[in-house]
Amino acid sequence: MNERNVIIDSVDPQIFYGVNNNNVNLIRNLFPKLRMAARGNVLRVIGEESETLQFEKKIKELEAYASKYNKLPEDVIIDVIKGEPPKPVNSEGVIIFGQNGKPISPRNGNQAKMVRSFAKNGLTFALGPAGTGKTYIAIALAVAALKNKACKRIILSRPAVEAGEKLGFLPGDMKDKIDPYLRPLYDALEDMIPQLKLKEYMESDVIQIAPLAFMRGRTLNDAVIILDEAQNTTRHQMKMFLTRMGMNSRMIVTGDLTQVDLPRTTQSGLLQAMRILKDVEGIGVIEYGKKDIVRHPLVQRIVDAYEKREKDTEESDEEPELKVSE
């Protein structure tokens, strides 16, 4: 008799094992001559050497499928173990398969341009109003690069522009204080990476989420680095961030120049960067518009209403003062 341990290391065991271990029970039934036990990310199997060898081969095929598509249906398990190819999944244009196998792909022309720019350029700027999917697509590209081993880590950052005077009054340690500013980044990651795998990545610093101030002095090699809400960086912060890029790294900078929260006397670092870097080779710029909004349809109407209000206010301010004769 031969004993073999098969380690599931590229996919969350919860996805592989299935709800209530249904997948494990199915695999056990399809290998009736073997004794099998699952613990953590290890499948322990006992039987004839040829059988255990075949078992390991099939488990690795199933693991590869689950890692790629983020799901492992029962019909795929049956097909793979019986030696038949599983039904093809339409992956054309898909950046990555998120939770429960949900395909994440560009939903408009500018999102598709962003995907192409990321593949071609070392630095991509994605500018546009809220709801256009800039940050979501950026994180999907980073996660796909990590899964495809095109990078070794992901660095996500945001300026905590309101933190200066208020952090000290918030409860908890530094992580607790800054997490509310970084929550949108966590939300996107949780939509694409299983919870246990995401926790493992973050504990081992494969994925790092930090406020912009923590970037100073670092050189970031073999990474995809994303700066979100970049319109709220100062000129010095933006220059500091852009010069963190190391070898074999790519950067994505996202922002909305209509939502600058900096003091009126402070110029946005994103605005200055766009002016300075507009003709630099190796930099891509994607400009989203209202037509690219992919959230609730009401979001586009809200953006329209605010733009109309701002335009009316500007026109009102430009009206000459009336002189009253005495």
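A search of the whole structure, which is a predicted model, returned 10 salt bridges. Side chains of opposite charge can pair when their charged atoms come close. Three of the pairs are described here, beginning with E56 and R4, whose side chains meet with an N to O distance of 3.2 Å. E56 belongs to helix α3 and R4 to strand β1 (residues 2–7), so this salt bridge ties together parts that lie 52 residues apart in sequence. The two partners fall into separate accessibility classes: E56 is partly exposed because its relative accessibility is 23%, whereas R4, at 17%, counts as buried.

A further salt bridge is formed by R158 and D228, with the closest N and O atoms 2.8 Å apart. R158 lies in strand β7 (residues 153–158), while D228 is placed in the loop between β9 (223–227) and α10 (235–242), so the pair ties together parts that are 70 residues apart in sequence. Both residues are classed as buried, R158 with a relative accessibility of 14% and D228 with a relative accessible area of 3%. The pair also belongs to a network of salt bridges in which R158, D228 and E229 are linked.

The side chains of K291 and D292 form another salt bridge, at 3.5 Å from N to O. Here K291 is exposed, with a relative accessibility of 67%, and D292 is buried, with a value of 3%. The buried class applies to D292 because the cut-off for that class is under 20% relative accessible area, and the exposed class applies to K291 because the cut-off there is over 50%.

Helix packing was examined for α3 and α4. The axes of helix α3 (residues 49–69) and helix α4 (residues 74–81) come within 10 Å and cross at roughly 140°. This crossing of α3 and α4 is right-handed. On the α3 side, the contact is made by K58, E61, L62 and Y65, and on the α4 side by V76, I77, V80 and I81. Helix α3 is also the element that contains E56, the partner of R4 in strand β1.

Two valines in strands were considered next. V253 is located in strand β10 (residues 250–255) and is buried, with a relative accessible area of 0%. Leaving out residues up to four places away in sequence, V253 touches L123, T124, F125, A126, L227, A230, M238, F241, L242 and L270. For one of these contacts, L270, the C-alpha atom is separated from that of V253 by 8.7 Å, the two residues being 17 residues apart along the chain.

V42 is found in strand β3 (residues 42–47). With a relative accessibility of 26%, V42 counts as partly exposed. The contacts of V42, again without residues up to four places away in sequence, are N5, V6, I7, Y17 and A37. The C-alpha atoms of V42 and V6 are separated by 5.7 Å, although the two residues are 36 residues apart along the chain.

Positive phi values occur at two asparagines. N21 has a phi of about 60° although N21 is not a glycine. N21 is placed in the loop between α1 (13–17) and α2 (22–30), and its relative accessibility of 38% makes N21 partly exposed. Phi of N248, likewise a residue other than glycine, is near 55°. N248 lies in the loop between α10 and β10 and is exposed, with a relative accessible area of 52%. Strand β10, on one side of that loop, is the strand that contains V253.

On the surface, a nonpolar patch is formed by L298, I302 and Y306, which together have about 310 Å² of accessible area. I302 is found in helix α12 (residues 297–318). The relative accessibility of I302 is 41%, so I302 counts as partly exposed.

How values were computed
Residues are numbered from 1 along each chain as its sequence is written. This is a predicted model: local features need pLDDT of at least 70, side-chain atom pairs count only at pLDDT 80 or more; totals for chains, interfaces and linings use all residues. Side-chain values use heavy atoms; hydrogens and water are left out. Patches are made of residues with over 30% relative accessible area and no salt bridge: like charges are joined within 9 Å, nonpolar side chains (Val, Leu, Ile, Met, Phe, Trp, Tyr) within 5 Å. Accessible areas come from the Shrake-Rupley method with a 1.4 Å probe; for residues, only the protein chains shown count as cover. A salt bridge is a side-chain nitrogen of Lys or Arg within 4 Å of a carboxyl oxygen of Asp or Glu. Helices (H or I, at least four residues) and strands (E, at least two) are DSSP runs, numbered from the N terminus. Buried means under 20% relative accessible area, exposed over 50%, partly exposed in between (1.4 Å probe, protein chains only). Axes are lines fitted to C-alpha atoms, for helices over the stretch in contact, and angles run from 0 to 180 degrees between N-to-C directions. A crossing is left-handed if the near helix is turned anticlockwise from the far one by less than a right angle, and right-handed if clockwise. Contact means heavy atoms within 4.5 Å.
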